[in-house]
Amino acid sequence: MTLFHFFNCAILTFGPHAVYYSATPLSEYDTLGTSIKAAVVYLITALVKLVCLATFLNVSETDSFDPYQELLKALIGFIDVAGLYFALTQLTHRNISQCHKFQAVGLGWAFADSVLHRLAPLWVGARGLEFTWDYIFQGLEANANLVLSLSLAALGSLMWLRKNKPKTLIPIIYACAGIVATMPSITSYLRQGLGWHLPKIVGFELFTSLAMAFISWQLFAACQRPSN
Amino acid sequence: MANLQKSEPSLGFVIPVYSSVITLLIIVMTCVELCDAVTVVDVYRLVQYDVGGMPFGSRLAALNHHAGSAVLSSGAADLSRTVLILPIRELNLTFIRESIGRRKPLGGLLLLLPLDFSPQDIENIGEADHSSAKQLVKEVLVELEQLLIHANIPYPVYFGFEDDDVNSVLADVKRNDATGQLATATTGGYKLVVAAPEPKKIASPTISNTQGWLPGLKADGGSNQLPTIAIVASYDTFGAAPALSVGSDSSGSGVVAVLEIARLFSILYSNPKTRGRYNLLFGMTSGGPYNYNGTQKWLHSLDQRFRETIDYAICLNSIGSSSNELWMHVSKPPENAYIKQIFEGFSNVAEELGLKVGLKHKKINISNPRVAWEHEQFSRLRVTALTVSELSVAPELLESTGGLSDKRQFVDEASISRSVKLVAESLARHIYGQEGKTIDIFADNSSLAVNPSYIRSWLDLLSATPRVAPFLSKNDPLIMALKKELTDHTVEVNVQQEVLDGIFTFYDSTSSRLHIYQVASVTFDLLLLLGLGSYLIVLFSFLVITTRGLDDLISLFRRPSSRKMKTA
């Protein structure tokens with residue numbers, strides 16, 4: 001029974017990544033190499049973040065929301081953005097269109113994030129006899145994270161890879177990118193500062209990720225039109 | 001663009017790092033797996049023993065079934081894969097009697113005792129508690145205990161306490177049962193798991209008898225010719241749950257009394273001017289519930305000539321209840337002059353203390369192996385003996401041996417003090433030839449007064465120590481403590497170790513930890529799988545339609561590699 005539950009939660013957490021890869025033209029253009037490279041860059045970024053957090057952050061005994069600490073965490077979170085920049089611009093890709101490049105990088109990024117943050121708790125926890133809703137919520141969170149990573153990658157590619165953008169849209173692009181990049185800090189503020197419970201937080205994440213995806217899709221389409 | 005070589009060197013150190021991480025993960029996994037439950041409680045198993053090959057008690061220890069409550073007991077449902085959780089306060093004894101009598105199959109039984117019967121609760125005891133609710137629970141426990149220990153139960157029976165976690169689980173289970181559905185693998189609910197190995201026989205259980213010797217004032221002929229008086233009590237217990245059998249009244253009170261009398265007489269005998277012309281022998285025997293097996297072995301180990309110098313022996317059994325009536329049980333007929341003399345001495349002192357002492361005669365039948373009182377073992381070797389007890393009727397085998405209901409809160413230490421004074425005063429008047437005279441040797445507020453805090457501290461210690469003989473090792477701390485205490489008060493102390501007689505065999509595994517898990521049913525998992533499958537399929541179709549167009553989706557449908565697809 002419990003291995004069954006583990007299997008269910010695993011396909012909820014990792015299934016969408018595989019589905020996305022096979023459903024979109026990514027599989028036809030064989031962009032797996034790009035995704036894997038993006039995943040490796042994510043790992044290195046995570047290690048760097050860990051070292052910075054350990055060095056600069058002091059562990060608080062209480063569970064309260066400390067603005068200064070959260071600001072520090074947000075700043076360190078921008079290392080994420082730097083890593084994404086590196087993955088998008090510096091890695092050599094074969095000739096794949098920008099449209100597919102950001103998708104592949106975003107997919108690899110989100111997959112590495114899910115594996116690193118969610119596989120171990122899933123394996124240890126979901127196989128026990130005890131039943132909790134936590135792992136299902138964790139899977140939903142992984143889905144939201146996938147959408148957020150894709151939107152961040154899209155905005156990133158717009159910012160750094162596309163040279164001719166309509167002037168009016170540039171501030172909007174940067175603003176959206178800023179919002180998406182600071183999403184982790186917002187979530188932790190909601191959890192600790194306002195005391196929201198897991199279902200509410202997951203709902204909020206799903207909603208915002210869909211909203212940001214829609215906005216970045218519109219922006220991307222808008223930027224695509226002049227070059228066509 | 002910077003071209004970083006990230007192939008060979010990084011791969012070289014990545015693999016060992018990953019393998020060590022995986023090993024660490026596996027180690028963490030196995031540790032975390034064990035503390036996964038909603039609740040973990042300590043539970044104590046029903047005793048498992050054989051008498052002459054006949055099995056009694058609960059024969060299994062491992063438990064792994066769904067939980068059910070008393071609501072189910074009335075229906076005709078099949079309970080062979082259910083563990084019933086029954087609080088003692090609301091217990092229906094007829095149900096238990098029926099299901100044991102008719103050998104109904106049951107997955108297991110978890111009986112919940114009220115929290116104030118817990119051994120950890122000793123500090124909160126004040127005066128002896130006599131509320132009617134507690135008395136009712138006590139009576140139910142006595143009956144339940146007798147029922148359980150004389151039955152052969154093929155499923156595990158455990159005793160636990162009603163703490164908050166278990167109570168909330170029980171409330172949940174009752175609520176689920178009210179819907180009429182049995183909790184099984186397909187309907188979810190709670191699962192109770194006790195991981196215990198198969199119970200094994202205890203090979204050669206030892207019983208330890210401790211004796212202390214206070215020599216009397218030697219006349220010119222040497223102390224061997226002085227008569228001896230023995231004061232004996234049995235210190236071990238037997239009950240339905242061996243890990244909870246503390247026997248505060250049944251054997252604890254006797255032991256405390258022997259220790260206090262030893263202390264008082266050691267003060268008297270330390271000064272040669274007040275040393276009496278009798279030797280005193282203090283004995284603490286084991287094997288009481290099993291026909292006083294230990295006493296028999298102890299007496300046989302004594303030299304026969306020495307046994308003949310024993311004038312009489314006083315055995316103490318259950319003197320802790322707060323009634324004003326004590327009984328002297330004898331096996332020699334009451335018309336016997338010696339018995340009359342001793343009884344008169346006791347009655348005189350009892351009158352002064354406000355107690356009432358009665359005399360009861362029970363003939364011993366040598367061919368009957370049943371030994372109901374400790375003094376009968378002395379009588380079988382032709383030593384005059386009597387038992388002082390609050391019980392008026394001889395108990396049956398394994399009855400009144402300090403079981404679940406015999407707890408500290410039902411014992412009155414003032415009664416023990418009074419009984420100690422009764423025995424000590426009568427003894428002292430006999431030893432110093434002051435019978436019939438109005439003299440108070442152990443007067444209150446004197447240096448020879450009975451010490452209530454001594455009694456209380458030993459009683460508290462004994463009430464926190466389960467003392468079922470087969471489960472006490474040779475060097476158990478309690479036996480060492482009793483030996484040390486006797487060494488403080490007497491001149492010569494001996495500990496005799498024997499093996500318990502062959503007809504009783506005991507099995508181990510008396511306490512375990514119970515894990516309570518909240519489980520979801522298989523139907524839930526199947527529904528979840530169905531939901532997730534359809535979600536992924538919808539996601540797939542949506543992505544194909546938006547990125548490649550509807551025609552691609554339909555062409556996938558027509559592909560020879562079969563995929564079961566439902567178009568939205």
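**Exercise 1. Take residues 201-223 of chain A. How much of this stretch is helix, how much is strand, and how far apart are the end C-alpha atoms?**

Solution. Start with the secondary structure: residues 201-223 of chain A are 100% helix and 0% strand. Then look at the two ends, where the C-alpha atoms lie 32 Å apart. Keep in mind that you're working with a predicted model here.

Next, check the record. An unreviewed UniProt entry puts the feature "transmembrane region" at residues 39-59, 71-92, 168-189 and 201-223 of chain A. Now try another of those stretches: residues 168-189 of chain A come out as 91% helix and 0% strand, with end C-alpha atoms 32 Å apart.

**Exercise 2. Which residues of chain B does UniProt list as "transmembrane region", and what does the chain look like over residues 526-550?**

Solution. First the record: the unreviewed UniProt entry gives residues 12-30 and 526-550 of chain B that label. Then the model: over residues 526-550, chain B is 96% helix and 0% strand. The C-alpha atoms at the ends of this stretch are 31 Å apart.

**Exercise 3. Set the two chains side by side. How many helices and strands are there in each, and what share of residues is buried?**

Solution. Step one, count elements. Chain A has eight helices and zero strands, so to speak an α-α-α-α-α-α-α-α run from the N terminus on. Chain B comes to 14 helices and 19 strands.

Step two, look at burial. In chain A, 50% of the 228 residues count as buried. In chain B, with its 568 residues, the figure is 51%.

Step three, turn to the surface. Chain A exposes about 11,200 Å², and carbon and sulfur atoms supply 69% of that. Chain B has an accessible surface of about 26,400 Å², with 56% belonging to carbon and sulfur atoms.

Step four, check the contacts with a separation of 6 or more. Residues 24 or more positions apart account for 80% of them in chain A and for 83% in chain B.

**Exercise 4. Go to the second largest pocket. Which residues are closest to its centre, and which element gives the largest share of the lining?**

Solution. Begin with the space itself, about 1,100 Å³. There are 32 lining residues, and the closest to the centre are Tyr20(A), Leu150(A), Ala213(A), Phe542(B) and Leu543(B).

Now go up to the elements. Those giving two or more residues to the lining are α1 (2-23), α4 (98-125), α5 (134-160) and α8 (198-227) of chain A, plus α13 (522-548) of chain B. The largest share comes from α8(A), with ten residues.

Finish with the classes: this pocket's lining has 22 nonpolar residues, ten polar ones and no charged ones.

**Exercise 5. How many cavities of 30 Å³ or more does the whole structure hold, and what is the volume of the largest?**

Solution. The search turns up seven cavities of 30 Å³ or more. The largest has a volume of about 200 Å³. Of its 21 lining residues, Gly288(B), Tyr292(B), Asn317(B), Ser400(B) and Thr401(B) are the closest to the centre.

Which elements take part? In chain B, α5 (248-270) and β13 give two or more residues to the lining. By class, the lining splits into eight nonpolar, eight polar and five charged residues.

**Exercise 6. Ser318(B) and Leu398(B) are not glycines. What is the phi of each, and where does each lie?**

Solution. Take Ser318(B) to begin with. Its phi is positive, at about 55 degrees. You'll find Ser318(B) in the loop between β13 (310-317) and β14 (325-330) of chain B. Its relative accessibility is 3%, under the 20% cut-off, so Ser318(B) counts as buried.

Now Leu398(B). Its phi is positive too, near 65 degrees. Leu398(B) sits in the loop between β16 (385-389) and α10 (413-431) of chain B. With a relative accessible area of 4%, Leu398(B) is buried.

**Exercise 7. Is Ile186(A) buried or partly exposed?**

Solution. Locate the residue: Ile186(A) is in helix α7 (residues 183-193) of chain A. Its relative accessible area is 32%, which lies between the 20% and 50% cut-offs, so Ile186(A) is partly exposed. As a last step, find Leu148(A), 38 residues away along the chain; the C-alpha atoms of the two are separated by 13 Å.

Key: Residues are numbered from 1 along each chain as its sequence is written. Chains are lettered from A and ligands numbered from 1 in the order in which they are written. This is a predicted model: local features need pLDDT of at least 70, side-chain atom pairs count only at pLDDT 80 or more; totals for chains, interfaces and linings use all residues. Side-chain values use heavy atoms; hydrogens and water are left out. UniProt positions are given in the numbering used here, feature names are shortened, and annotations may be inferred rather than shown by experiment. Helices (H or I, at least four residues) and strands (E, at least two) are DSSP runs, numbered from the N terminus. Buried means under 20% relative accessible area, exposed over 50%, partly exposed in between (1.4 Å probe, protein chains only). Contact means heavy atoms within 4.5 Å. Accessible areas come from the Shrake-Rupley method with a 1.4 Å probe; for residues, only the protein chains shown count as cover. On a 1 Å grid over the protein atoms alone, a cavity is a set of points where a 1.4 Å probe fits but cannot get out, and a pocket is an open set with protein on both sides within 12 Å along at least five of seven lines; lining residues have an atom within 4 Å of a point. Grid points are joined across faces, edges and corners, and a volume is the space filled by probe spheres set on the points. Ala, Val, Leu, Ile, Met, Phe, Trp, Tyr, Cys and Pro count as nonpolar, Asp, Glu, Lys and Arg as charged, and the others, Gly among them, as polar.
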